[in-house]
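Me: I have the sequence and the model open side by side, and I would like a close look at a single part of it. Please take one pair of packed helices and then work outwards to whatever surrounds the topic.

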Amino acid sequence: MWLGTLLSSIGSQLTTVAVGLQVYDLTGSTFSVGLVGLFSLGPLIVFGLYGGALVDRFDRRRVIITSSGGLFGIAVAFTAQALAGLENVWLMYVLVAVQSGFFAVNSPARMAILPRLLPPEMLPAANALSGLAGSVGMTMGPLLAGFWVAWFGFGGTYLTEVLLLGIALTTLVALPAMPPLGEIRRSGLASVLEGLNYLRTRPNVRMTFIVDLIAMIFAMPRVLFPALGAVVIGGGATTAGILGAGIAVGALLAGVFSGPVSRVRRQGLAVLTAITAWGASIVLFGVVVGLAGRTSEDASAHWLLWPAFVMLVFSGMADSVSAVFRSTILQTATPDHMRGRLQGVFIVVVAGGPRLGDLVVGSAADLTDESIAAIAGGLTCIVLVVLLGILQPRFRNYDARHPQA
């Protein structure tokens, strides 16, 4: 499962960057790139919530294999439209929406399996290892996309995802059967509402979702990368790919040096600290982008790519630490018969937040500029998270040895 997750992550991140570059190539608009996030958000919410109910209703191995097959089919469709030269941005929006639906079912099933395979004390390390796989994907995917689009075009880039997802699909066959435990509920609206009602009564788990939404909606800078490569810093698709890999490199470093995570007891405080650090790094990234904007008429702007990259590395490290402890709190404080549905909500937040952030930050950049959008978003993130930390002492004092939802 870990190997399949690694390959799938590389492929999906490669396509995410390639889609943004292709939409920008067709439209020349950062707002249009932000609309990619909006079109994926609806299916992500609907199928994330319903997919979590499916995970609690059916064999989780079967759910993973079926949804992975759907993702493979969408990768083939992306390749076909690029090779055919259709150049239809609305077709791309539709494909992104369908892809988002399959992803929203696939991811909760993967996460809900971990507590069935491992004891609770190993979950922080397991989540760090899962995050490491995602980080490798987020590092390799954008880098490959940046160079692959420049060298082989969009068709060759999407074809790479087809090959990776095809291999990943075969790795899932080795998983054991994973039928649901306890009372099995029909995977309908009542089951979804039951999961949401459970979340309503569990403030610590709910806080893990709220603080991540704040970080992703207001301070996710990825929608800015195509414009930074095309206009501000220069370098085109290659610059966009390098910037896209910056967050992932930071997450990769955090994963490699994640040994101490299992010894942290104040996991709620760790989440709040990490997200505050995320906001601060995005503010500094915005400052660097502002300097690049002032010197974009001459060659001196290009060297600012690397300070911007370093700031994104720091943000990736902070995000990885936050993700490890948010996942662990959710897994240890939630009973097995609710894990699928709560993981469904988790994936709506984790994947939907950045997509909504693409729209918010992209709109802010169109109204002002890329630098102001990043700085304002990072400062908003810091203020809101610090305020929530003050208002929610129970989450701030969360103790891993005595988990309470």
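Reply: In this predicted model, a good place to begin is helix α7, which passes helix α13 in a right-handed crossing. Helix α7 covers residues 203-219 and helix α13 covers residues 370-391, and their axes come within 8 Å of each other while crossing at roughly 165 degrees. Because angles over 145 degrees count as roughly antiparallel, α7 is roughly antiparallel to α13. On the α7 side the contact is made by M207, I210, V211, I214, A215, F218 and A219, and on the α13 side by G377, G378, T380, C381, L384, V385 and L388. Sorted by character, the residues of this contact comprise eleven nonpolar and three polar ones, with no charged residue.

A second pair can be set beside this one. Helix α4 (residues 89-117) packs with helix α5 (residues 123-171) at an angle of about 155 degrees, and the axes of these two helices lie 13 Å apart. That angle makes α4 roughly antiparallel to α5, and the crossing of α4 and α5 is right-handed. Here α4 contributes M92, Q99, M111, L114 and P115 to the contact, while α5 contributes L123, N127, S130, Y158 and E161. The residues of the contact of α4 with α5 divide into six nonpolar, three polar and one charged.

Just ahead of this pair in the sequence is a backbone detail that may be worth inspecting. E87 has its place in the loop between α3 (60-83) and α4, and the phi of E87 is near 50 degrees, a positive value in a residue other than glycine. E87 is also exposed, with a relative accessible area of 59%.

Turning from the helix pairs to the buried interior, the largest nonpolar core holds 87 residues, of which F209, W278 and F285 touch the most other members. F285 can be followed in detail: leaving aside its neighbours within four places in sequence, F285 is in contact with P221, L224, F225, L228, L243, A308, M311, L312 and A374. Apart from the largest core lies another core, made up of eleven residues, among them V55, I64, I113 and L175.

To return to the pair with which we began, the contact of α7 with α13 can be retraced on your screen from M207 to A219 along α7 and from G377 to L388 along α13.

Definitions and conventions. Residues are numbered from 1 along each chain as its sequence is written. This is a predicted model: local features need pLDDT of at least 70, side-chain atom pairs count only at pLDDT 80 or more; totals for chains, interfaces and linings use all residues. Side-chain values use heavy atoms; hydrogens and water are left out. Axes are lines fitted to C-alpha atoms, for helices over the stretch in contact, and angles run from 0 to 180 degrees between N-to-C directions. Helices (H or I, at least four residues) and strands (E, at least two) are DSSP runs, numbered from the N terminus. Angles under 35 degrees count as roughly parallel, over 145 as roughly antiparallel, 65 to 115 as roughly perpendicular and the rest as oblique. A crossing is left-handed if the near helix is turned anticlockwise from the far one by less than a right angle, and right-handed if clockwise. Contact means heavy atoms within 4.5 Å. Ala, Val, Leu, Ile, Met, Phe, Trp, Tyr, Cys and Pro count as nonpolar, Asp, Glu, Lys and Arg as charged, and the others, Gly among them, as polar. A nonpolar core is a set of buried Ala, Val, Leu, Ile, Met, Phe, Trp, Tyr and Cys residues joined through side-chain atoms within 4.5 Å. Buried means under 20% relative accessible area, exposed over 50%, partly exposed in between (1.4 Å probe, protein chains only).
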